[in-house]
Amino acid sequence: MERPRIAVEPPGPRAKEVIKLHREFIATTTHDPENLPLVVERGEGVWLYDVDGNKYLDFSSSISVNNLGYPTHPEVKKIVIEMLDKLAHAAGTDFFNPYQVMLAEKLVRIAPGDFKKKVFFCNSGTEAIEAAIKLLRRASPRRYLLGFIGCFHGRTMGSLSLTASKNIQRKGYVPLVGGVIHVPYPNPYRNPWGIDGYEYPDDLVNKVLEYIEYWVFEHLVPPGEVAGIFFEPIQGEGGYVVPPKNFFRELDKLAKKYSIALVDDEVQMGLGRTGKMFAIEHFGIAPDIIAMAKALSGGVIPIGATIFRADLDFPEPGAHSNTFGGHALACMVALKTVELIEKLLPRVQQLEKIFRDYLTLLKDRYSVVGDVRGLGLAWGIEFVRNRKTKEHDVKTRNRVLYEALRRGLVLLPCGRSAIRVAPPLIITEEEALVGLEILEEAIKATTT
Ligand SMILES: Cc1ncc(COP(=O)(O)O)c(C=O)c1O
């Protein structure tokens, strides 16, 4: 059985040098060199190797991008080579090409909803959301959009207006795009009403819907002025939060009642991560618009897509476009990635139990673990100082990240005090157990 191999405590000497130069030459983004000093040199399957020769098991999929592992799935690699000999880029929004048509047909076919759909191609998640905003702006005279507190939709000005995950992401950037109203997300563990949403899911769902109908529609803006409701089916950046099973069906009823479009952000949870192609399939509704990116890239070449009800299409040429949308190579990589992930779904569904059982056990064993939630291969572990008060334990969360890393397990944070567990979908049962055992050792190390 393959195991991690830590020869030098991270960051080793070469890692230190890269981090130093990185800080000198590269813009400040989201790195946390204190708790996550990982300098990746190469990857192989579910394993990452750093510049000092350490070998790690990856429980991050580089934020749900490398669902097919590292460096490049052999079948995807074959497509890349084929396309490099044929065509990589040829102005996909000015010239036509068959490759984007093939991918669009596939996405339209697999996306939930028995209605006519179309696809807009771009390069990232934030652009896929921007396209959704612009589709609604042109398709409807309604000027307002609803978003949920805790959801993340990207960092360009339009998507950032909908993002309400951490205040640092918005700080200093106001005024953002106007007309966005945020409402509470049905977070079963933490919500404004102190409802235990695991015990009383219907109460929580009713509270959120009441909030929209009464506080928003009666006090702020009538429903006839709301064009769309944006949501993540499971919050990613916000903490891998899974809402009650019937929430989206009830939200769908409300949206239909007022002819409001539902916009499903599948950028992080889409493409097999939860055991279904789209996470919203767990909840039995068909959104009007779906945004995708991350894993669609095959971990090879960035691509984003907005799948939408065909009647929402831009009304005339030139209303929206870009340079790299419909990039031939990216589209064929994405198509192969989708086909490969489809085959992995049964495996993800099987592996879910291993993660559910082990992580639940961690909650039983360690009082710092306040909540464990997830589906498929998307799990969140939230750390608290006190189970009753649910005070966030950021310090323990950060220590767990580092203690795991120095034992050879790569994890990423999410929410205020949570960790996301999101391994590549190609992980084996044995590899999963190796990672889970290291995770337990890391938690134990912070509590003893
Ligand atoms: C749910 C969700 N939407 C949108 C985005 C933005 O995607 P990108 O970083 O590709 O712009 C992210 C990124 O983490 C995300 O998780």
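**Domain interface and salt bridges in a predicted model**

Across the interface of domain 1 and domain 2, 2 salt bridges are found. The structure is a predicted model. One salt bridge joins Glu-382 and Arg-190, with the closest N and O atoms 2.5 Å apart. Polar contacts add to the picture. Between domain 1 and domain 2, 19 residue pairs are in polar contact, both residues at pLDDT 80 or more.

Several elements supply the side of domain 1 that touches domain 2. Helix H2 (61–64), helix H10 (328–365), strand S11 (369–375), strand S12 (378–383) and strand S15 (418–421) each give two or more residues. S11 gives the most, with 5 residues. By class, this side of domain 1 holds 17 nonpolar, 12 polar and 6 charged residues.

The division of the chain sets the frame for this interface. Domain 1 is made of 13–71 + 345–447, and domain 2 spans 74–341. The contact draws 35 residues from domain 1 and 32 residues from domain 2. Taken over C-alpha atoms, the centres of the two domains are 25 Å apart. Together the domains bury about 2,700 Å² between them. Of this area, 54% lies on carbon and sulfur atoms. On the side of domain 1, Leu-68, Leu-345 and Leu-375 lose the most area to domain 2. These three leucines account together for 23% of what that side buries.

Asn-67 lies in the loop between H2 and helix H3 (74–86). Its relative accessibility is 1%, so Asn-67 counts as buried, the limit being under 20%. The side chain of Asn-67 makes a polar contact with the side chain of Arg-273, at 2.7 Å. Beyond four places in sequence, Asn-67 touches Ser-61, Gly-270, Leu-271, Arg-273, Ala-295, Ile-341, Pro-424, Leu-425 and Ile-426.

A contrasting setting is that of Lys-134. This residue sits in helix H5 (residues 125–139). Lys-134 is partly exposed, with a relative accessible area of 35%. Lys-134 and Ala-319 are 185 residues apart along the chain, yet their C-alpha atoms are separated by 8.9 Å. Leaving aside residues up to four places away in sequence, Lys-134 touches Phe-314, Ala-319 and His-320.

Over the whole structure, 27 salt bridges are found. Among them is the pair Arg-42 and Glu-44, whose closest N and O atoms are 3.1 Å apart. Arg-42 is partly exposed at 41% relative accessibility. Glu-44 is also partly exposed, at 40%.

Another salt bridge falls within a helix. The side chains of Lys-256 and Asp-252 meet at 2.8 Å, N to O. Both residues lie in helix H9 (residues 247–257). They are 4 residues apart, about one turn of the helix. Lys-256 counts as exposed, at 59% relative accessibility. Asp-252 counts as buried, at 15%.

Glu-403 and Arg-407 form a further salt bridge, at 2.6 Å from N to O. Glu-403 is buried, with a relative accessible area of 10%. Arg-407 is partly exposed, at 27%. The two residues belong to a network of salt bridges. Its other members are Glu-9, Arg-399, Arg-406 and Glu-441.

Note on methods:
Residues are numbered from 1 along each chain as its sequence is written. This is a predicted model: local features need pLDDT of at least 70, side-chain atom pairs count only at pLDDT 80 or more; totals for chains, interfaces and linings use all residues. Side-chain values use heavy atoms; hydrogens and water are left out. Domain bounds come from an automatic or database domain assignment. Contact means heavy atoms within 4.5 Å. Buried area is the accessible area (1.4 Å probe) that two parts lose on being put together, summed over both. A salt bridge is a side-chain nitrogen of Lys or Arg within 4 Å of a carboxyl oxygen of Asp or Glu. A polar contact is a pair of N or O atoms within 3.5 Å; within protein, one must be able to donate a hydrogen and the other to accept it, and residues adjacent in sequence count only if both atoms are side-chain atoms. Ala, Val, Leu, Ile, Met, Phe, Trp, Tyr, Cys and Pro count as nonpolar, Asp, Glu, Lys and Arg as charged, and the others, Gly among them, as polar. Buried means under 20% relative accessible area, exposed over 50%, partly exposed in between (1.4 Å probe, protein chains only).
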